[in-house]
Each structure stands twice: as C-alpha cells, then as structure tokens.
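Reader: I'd like to learn how to read a model like this one, feature by feature. Can we walk through it together?

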Amino acid sequence: MKTWTLLHIDVDYSPSDPGCRQNFCDRTSFTLKELTPGSRLIYKDSGGLFGAVSVVEASRQKVVLRYGNTDFSLSEDHPGVRMDAGGRDYTNFWLSVWMDWHIFAEDTPSFYREWLPKDKVARLSESDREALAASSSPAAKYLLGRWHYIVMPGGLEGDDLKMAEKLLREAASAGVADAYEILSRMYSFGNTPDDRMDREEGERLRQEALSRGSELARMRYAYNRIVGALNCPKEPEKVVVEAEECLQQSGASEQWYSVLAFAYQVLGQLDKAEAIFKKGIEAGCVNCFFDLAFLCNSQGRREEYVKWMEAGIKAGDASCYILGYDFPQEEYEKLDSRRQYYLTSQLKDRLVAGVNLGEERCAYLLGSNYFCGLLGFPTDMKQAGAWLTRGAALGSSAACELVADILEADNPSDEDRLDAARFRLYALRNGDDGQLEKVQDAYFNGLLDYYEEEIQRYWLPDPDEDDGRWDAYA
C-alpha cells in the first residue's frame, strides 16, 4: 500500500517572451494534519491571479480539494492536476496541485495480497525502493528482495540474487510466509548467489510457505496441480473448486481468476475460461489480459488478440509488451520506409519497457532481432549478446540456448565452450529438456565440473517430464 506524505500547491510562471526559457515556481506544501475539511489553504501566488483552494475531504488514501465551483480528487492513481492558468505583465501562470506518494510496508494479509502480481512488484519506482531500503519492516525486506529477484537489474554478473536471498531470509525469519515461497523458487531453479540448484530445499521451503498460509504459495501449488508439474498430481477439476471457493470469500485476491480460467482452459472448457478471464480483468487481475489475448490468438481471432494485448499494455501487463514481435518479415519489407521506421521504433520501445519490468520474452526477442537483423533491427552482435544475457538472467530458456549457440560458433575458445555449457544448463533448468543430452555431453567432457552434484542428482537420470518452470507469478 502507498500513502502520501506531502501535498503541494504550485504556482508555476514563465515570461512569455519566446527568447526566454526561464521557469519559476512558488510552492506551498501541506501535511495531512493541516488539511482540515472545510478549511482554506493559504498558498504563495506571485501573480495574484488565482482564487481560494479549500479542503473537502482528506485521508491517507484520498484528498478532495475545491477550486471555484469544481472539486478535484487526488489519489495514488491520480496524484496531480492543473486547476487553472492565466497571464499578466507578459508572464504566463499555472496553478497545479500534486502529492508525494510513498510505499508503506505493513505486515498485514492485505499488504501481501496487494503485491501478489509480479508486474506490480516490478513497477516499484526508485523512490519506492529507497523507502523500502530505509525501512526495518519485514514486509519491506520481502518486497524489496522480491523486486531484486524479478527484475535482476544487474544481470547474471550483478549482486541481485545475493541481495534477494539476504532480504528474503531476513523477512522469512521474521515470519513472512511469502518470503519462503520466493526462496523456494530460487532454490528450485538454481537462482541462488552460488549458482546451485537444490530441488529438495526448494520443496522444503514451499511446504514451509504453505504451512504458514502463503497465498502466493497456494497459487503456485494450484498452477502445478493444473498441469501436474513438480511431482504434483494433475487435478485441474479440484483446482476449479478451490479457486471458486477462494473467489467467494470476502477480500479474496483477484489473481484467483487467472488460476480458475487456466484450469478451465486445460480442461478444454474454453468458453468458460474466456468468461473468467474477462471477469478477472473487470476485477483488476492484470495478467488476465495476456492470457485472454493468447486464447483469442490460438483460435485465430487476431483482431481480438491485438485489442486485448493493447489493453494489457495500458493496464501494465508486462507479458503484453511482446505485441508486434510476430509481424511477418515479408510483409514488413513491403512497407514504405516511414511505416517501417514506426513499426520498428514501436516494437523496440515496447520490448525495452517489458525488459525493465522483468519480462524475459522481451529480452529474448530484442536479442534475437539484433542477432538476425529482423523487422528493421540492425545486425549488431554486441546488442544481441547484451539483451540475450539479460534474458538469460530473467529466466528465458530460449535466450540461454541462443547465447550458447553463438558462443559455440566459429571455432570457440575453451572459455567460450565452458560458458556455452553453462548457458545450456541454465536453459535446461528453465524447462528446455532439449538441452539435456548436450548438458550431459558437456559434463562428460569436463565442462561442468562446478555443477557435478546437481547434474548427478537431477540430469543424469531421466528428468521429470515437466519441471514446473511455467508460473504466472514467479
């Protein structure tokens, strides 16, 4: 949850002379204690042009101000507004009001429920992260640790996994159930500071999260049971009942709509799945946009696919930022240069925005487009390598495989062969079973000695059919 700390009334002014670029501001700031309903706010106004601003309503979540005959409502979603403008003495003036919002981490079920979607965690601003880092709250440590795990701004060579594990362990020690769940994912897929996979430890941590009441763990467990992943029984029918019961409870997370619709999808009840995805969107479940768009596309309903993807981008569903990646190259080449430039720029902007939100597919598509020179991207191996390794850090098996292919091409050095083997192992961890034989060969050739224990425990016997990497919340 976020709360505002200061409300600012700004009178901005600038000389109307076109040769002058100077801007000035009279700022008056108020705390909540100063906003008494019915009171008038006295503010600096060098131009003397603007009228009274009075308080209609004030709380930690919302402030309503009256200017003239108009009420202006300010909240986290609408933190600022321009109320008036005017001019005198060859000077332009603007009256605006806005609020400083900061995250407030509290150890309550509603707080953890609010931060279930990974897309929302990925969108934490720099000021939000600074506020979390300055807090000693276990909830703050959990949220900041999860952000490092999702976004991985430092890539494979950075300290994000080390920071994530440290913060999450501190939160778990203080009793944060969801912290155990994220730690479980880190160990299950080898996303640890020492680059070690330990499925048994991952399972232990998951059970700990479930026993402590982690809703995040319950959702992951439900997804695994829909498809029968991670040695869970395949029982989508039971998940349907469970998800419907959850949604009937007061204060239930809207994320259960995604679980329920996916279960119906696996059961082949596509009309029900579509209806549930739409209900989820109405309830505020952001990741239902991509799921619904994907369902429409699988049925050949291309226009609806584009509509839901565009709506998802506006709503903040990071998965939707891949929109446009599959534009046919032959059709692209038929376009005039202006249209080509627009499509390339739009696609690049979307993919970069997606990467910044931790979306691994966006990183892979950027890297592969630079590698192949597709859709107007120049062939640039430096850019390709940078985006592909970013995708590998975010968990893209396709990015890991392409990095390995590049490293092994054209008479690779011993160091290149070692790195390629490592990236193939990463692809295998992330669910690409097609890398198994190559990983085994690399191990027998002495290229993966550091991972000997992991390979002997998990990759020399027949691997599981599904290691459960697909996870809408991971």
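Reader: Let me start with one residue: is Asn411 buried or exposed?

Author: First, keep in mind that this is a predicted model. To call burial, you look at relative accessible area, where exposed means over 50% and buried means under 20%. Asn411 comes out at 77%, so it is exposed. You'll find Asn411 in the loop between helix 18 (397–408) and helix 19.

Reader: What about Asp410, buried or exposed?

Author: Use the cut-off of over 50% for exposed again. Asp410 has 74% relative accessibility, so it counts as exposed. Asp410 also lies in the loop between helix 18 and helix 19. For a sense of distance, take Gln269: Asp410 and Gln269 are 141 residues apart in sequence and 49 Å apart in space, C-alpha to C-alpha.

Reader: Back to the backbone. What is the phi of Asn411 like?

Author: Here you check the sign, and whether the residue is a glycine. Asn411 isn't a glycine, yet its phi is positive, about 50°. Met152 gives you another case: its phi is near 45°, again positive in a residue other than glycine.

Reader: Where is Met152 found, and is Met152 buried or exposed?

Author: Met152 is in the loop between helix 4 (138–151) and helix 5 (160–173). Its relative accessibility is 3%, so Met152 counts as buried. Compare that with Asn411, which is exposed at 77%.

Reader: Now helix packing. At what angle do the axes of helix 19 and helix 20 cross?

Author: The idea is to ask how closely the two axes approach, what angle they make and which way they cross. For helix 19 (residues 414–429) and helix 20 (residues 436–444), the axes come within 9 Å and cross at roughly 140°. To be roughly antiparallel a pair needs an angle over 145 degrees, so helix 19 is oblique to helix 20. The crossing of helix 19 past helix 20 is left-handed. On the helix 19 side, the contact is made by Ala421, Arg424, Leu425 and Leu428, and on the helix 20 side by Leu436, Lys438, Val439 and Ala442.

Reader: Which residues does Val439 touch?

Author: For a question like that, skip the sequence neighbours and see what's left. Setting aside residues up to four places away in sequence, Val439 touches Arg424, Leu425, Leu428, Leu448 and Ile455. Val439 has its place in helix 20, and with a relative accessible area of 1% it is buried. Take Leu425 as one partner: Val439 and Leu425 are 14 residues apart in sequence but 6.0 Å apart in space, C-alpha to C-alpha.

Reader: And at what angle do helix 9 and helix 10 pack?

Author: Same reading, other helices. Helix 9 (residues 236–248) and helix 10 (residues 256–266) pack at about 155°, with their axes 9 Å apart. That angle makes helix 9 roughly antiparallel to helix 10. Their crossing is left-handed. Among the residues that meet are Val239, Ala243 and Leu247 in helix 9 and Trp256, Leu260 and Ala263 in helix 10.

Reader: Let's do aromatics. How many aromatic pairs are there?

Author: You go by the distance between ring centres, which has to be within 6.5 Å, and then by the angle between planes. The count comes to 12 aromatic pairs. In one of them, the rings of Phe111 and Tyr112 have centres 5.5 Å apart and planes at 80°, so the pair is edge-to-face. Phe111 and Tyr112 are both buried.

Reader: Which residues form a cluster with Phe111 and Tyr112?

Author: Phe111, Tyr112, Trp115 and Tyr142 form one aromatic cluster. Trp115 has a charge partner too: the charged end of Lys120 sits over the ring of Trp115, 4.9 Å from its centre. Elsewhere, the charged end of Arg199 sits over the ring of Tyr458, 5.2 Å from its centre.

Reader: What about a strand residue: where is Ser75 found?

Author: Ser75 is in strand 6 (residues 70–75), and at 18% relative accessibility it counts as buried. Leaving aside neighbours within four places in sequence, Ser75 is in contact with Gln61, Met99 and Trp101.

Reader: To zoom out, how many helices and strands are in the protein chain?

Author: The protein chain has 21 helices and eight strands. Its C-alpha trace spans about 80 × 55 × 45 Å along the principal axes. Of its 474 residues, 48% count as buried.

Conventions:
Residues numbered from 1 in each chain as written. Predicted model: local features only at pLDDT ≥ 70, side-chain atom pairs only at ≥ 80, totals over all residues. Heavy atoms only, no water. Phe/Tyr/Trp six-rings, centres within 6.5 Å; stacked < 30°, edge-to-face > 60°. Buried < 20%, exposed > 50% of the residue type's maximum accessible area, 1.4 Å probe, protein only. Lys NZ or Arg CZ within 6 Å of the ring centre and 35° of its normal. Axes fitted to C-alpha atoms, helices over the stretch in contact; angles between N-to-C directions. Helix = DSSP H or I, 4+ residues; strand = E, 2+ residues; numbered from the N terminus. Parallel < 35°, antiparallel > 145°, perpendicular 65-115°, else oblique. Left-handed = near helix turned anticlockwise from the far one by under 90°. Contact = heavy atoms within 4.5 Å.
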